[in-house]
Amino acid sequence: MEVLDLEHQTMETFLRWAAEIGISDSIDSSRFRDSCLGHSLSVADFPHAGGRGLGAVRELKKGELVLKVPRNALMTTETMVAKDRKLNDAVILHGSLSSTQILSVCLLYEMGKGKRSFWYPYLVHLPRDYDLLATFGEFEKQALQVEDAVWATEKAIAKCQFELKEVGLLMEELELKSKFRSFQAWLWASATISSRTLHVPWDSAGCLCPVGDLFNYDAPGDDLHTLEGPESANDVEEAGLVVETHSERLTDGGFEEDVNAYCLYARRNYQLGEQVLLCYGTYTNLELLEHYGFMLEENSNDKVFIPLETSLFSLASSWPKDSLYIHQDGKPSFALVSTLRLWLIPQSQRDKSVMRLVYAGSQISVKNEILVMKWISEKCGSVLRNLPTSVLEDTLLLHNIDKLQDPELRLEQKKTEAFGSEVCAFLDANRLWDVTGFFGKPVEFSRKTSRMLSKWRLSVQWRLSYKRTLADCISYCSEKMNNLSCTQDRLRDL
């Protein structure tokens with residue numbers, strides 16, 4: 001109870017500080033208020049939808065301004081160096097560093113000031129832990145199972161290690177304490193910048209936006225995916241007919257020069273008490289894990305890539321390589337199906353009429369279409385068989401991971417020897433076999449252990465989503481083949 005009271009008090013202090021520097025959820029922010037919120041938004045807890053976030057305190061209309069954060073309240077390299085001569089002089093001497101590296105160092109420098117920092121009321125509310133891929137340990141990394149995901153994790157970790165080495169001299173010149181120069185501190189700062197910054201036109205690193213970064217994520221709207229031709233937004237893009245629409249990140253606001261403030265708008269109509277969400281952009285689940293440290297159970301923008309023969313890529317020159325994928329709902333992308341239609345017919349038959357059919361998104365023949373669906377189905381089946389665990393095993397594992405977080409259920413599992421092999425491996429890797437305290441009573445996991453458990457759960461959740469998409473693709477292809485076979489039979493009868 002005391003912890004909750006303290007959190008409430010520090011939140012009130014933070015919102016009062018935000019109001020004093022001009023942050024407001026009202027168009028009229030000229031009058032002083034005890035809080036920057038209350039007209040449109042309030043801080044609320046949404047345990048099943050992102051945790052702490054912002055809720056509507058009244059009905060909100062789509063396009064309505066819900067938060068305005070003036071430029072001087074944005075935490076950027078510009079605003080931080082303007083308030084500190086030592087920081088300004090040091091940063092000028094290290095112009096070869098990236099803007100993201102500079103902003104990360106500035107953040108650690110402000111953290112080192114403690115209560116002396118202008119930003120202290122905001123800094124105390126930043127998360128102390130993140131679940132981005134760069135923070136994954138060896139166990140969590142291997143638990144992803146899929147080669148592309150493991151490689152993305154290794155790349156993210158290596159990038160952090162390299163960037164820390166590059167900023168070492170700047171940190172020494174700023175006389176940062178050793179705890180702020182550690183790899184863990186750098187991971188924290190990099191994750192903060194990656195997961196919480198918003199775009200500003202004058203700095204590619206973006207800005208930390210007090211109050212504005214309390215919004216939780218909402219994925220962009222879903223467009224229908226079709227196989228019969230480039231009719232959906234995604235298919236049109238893959239066909240090379242539209243580029244600009246999807247190449248730009250989707251946002252619900254931005255920095256507006258005329259008011260010299262970051263303005264955020266309601267992306268749809270909201271009822272009283274609903275969580276108000278912000279769209280950061282279009283991301284797959286792996287990208288969400290890499291940049292933000294979470295994933296969505298239902299993400300219409302997710303994609304699954306399967307291994308493809310090298311010779312197939314040479315035929316896909318009309319489409320980017322990353323357009324050859326399977327949609328979250330199990331449907332192969334327009335580019336993947338079109339490329340396979342061409343690849344699965346003899347080279348001698350690839351005349352102009354066939355090429356026109358392919359680029360129009362039309363099937364070449366019933367026989368060819370069956371071959372395409374069969375090839376995709378067999379490839380997905382092969383990928384699933386080569387992974388260490390199945391969809392069913394991963395589903396059960398998620399239940400067991402949830403049980404581990406409950407001390408009573410954990411003790412019950414130990415008594416009945418119901419631990420699965422991967423659970424045992426996790427407990428062994430983290431030396432957690434002794435799950436009881438005095439007199440055999442179950443004890444809570446430490447904060448560090450709970451964070452590792454959270455990352456492991458994300459790994460299993462991601463790989464399960466990956467496998468379900470492949471399984472759905474197999475079902476989709478089987479249904480298409482059955483329908484095509486029936487069509488072929490009817491044509492024979494005629």
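A residue counts as buried when its relative accessible area is under 20%. By that yardstick, 50% of the 494 residues in this protein are buried. The model is a predicted one, and it contains 19 helices and 11 strands. The accessible surface adds up to about 24900 Å², with carbon and sulfur atoms taking 52% of that. Contacts also reach across the sequence: among those between residues at least 6 apart, 68% link residues at least 24 apart.

Strands come next. Strands of a sheet pair through backbone hydrogen bonds, and they can do so in a parallel or an antiparallel way. Strand S1 (residues 41–46) and S2 go for the antiparallel option, with six bridges between them. Phenylalanine 46 sits opposite glycine 51 of S2 in this pairing. Together S1 and S2 make a hairpin, with four residues in between, and glycine 50 in the turn shows a positive phi of about 100°. As for strand S2 (residues 51–56), five of its six residues are buried, so the rest of the structure largely encloses it.

The loop of this hairpin deserves a visit of its own. Alanine 49 is located there, between S1 and S2, and is partly exposed at 40% relative accessibility. Leaving aside residues up to four places away in sequence, alanine 49 touches Asn216 and Gln275. Leucine 296 is 247 residues away from alanine 49 along the chain, yet their C-alpha atoms are separated by 9.8 Å.

Another set of strands makes an open sheet: three of them, in the order S3-S8-S7, with antiparallel pairing. Strand S3 (65–70) and strand S7 (253–256) take the edge positions, and each has a single partner strand, so each has one side with no neighbour in the sheet. On average, neighbouring strands here are turned by 20° against each other, if direction is ignored. Four bridges connect S7 with strand S8 (residues 261–265), and the two run antiparallel. Within that pair, glycine 254 faces cysteine 263 in S8.

Two loop residues have a backbone angle worth pointing out. Asparagine 260, in the loop between S7 and S8, has a positive phi near 55° without being a glycine. With a relative accessible area of 37%, asparagine 260 counts as partly exposed. Valine 211 isn't a glycine either, and its phi is also positive, at about 75°. Valine 211 belongs to the loop between strand S5 (203–208) and strand S6 (216–217). Is valine 211 buried or exposed? Its relative accessible area is 0%, which is under the 20% limit, so valine 211 is buried.

Finally, the helices. Two packed helices are described by the angle between their axes and the distance between those axes. For helix H13 (residues 334–343) and helix H15 (residues 366–386), the axes come within 9 Å and cross at roughly 115°. The crossing of H13 past H15 is right-handed. On the H13 side, the residues involved are Val337, Leu340, Arg341 and Trp343, and they meet Asn368, Glu369, Val372, Met373, Trp375 and Ile376 of H15. Sorted by class, this contact between H13 and H15 has seven nonpolar residues, one polar residue and two charged ones.

Note on methods: Residues numbered from 1 in each chain as written. Predicted model: local features only at pLDDT ≥ 70, side-chain atom pairs only at ≥ 80, totals over all residues. Heavy atoms only, no water. Axes fitted to C-alpha atoms, helices over the stretch in contact; angles between N-to-C directions. Left-handed = near helix turned anticlockwise from the far one by under 90°. Contact = heavy atoms within 4.5 Å. Nonpolar A, V, L, I, M, F, W, Y, C, P; charged D, E, K, R; others polar. Pairing = 2+ DSSP bridges. Buried < 20%, exposed > 50% of the residue type's maximum accessible area, 1.4 Å probe, protein only. Areas by Shrake-Rupley, 256 points an atom, 1.4 Å probe, with all protein chains shown as cover.
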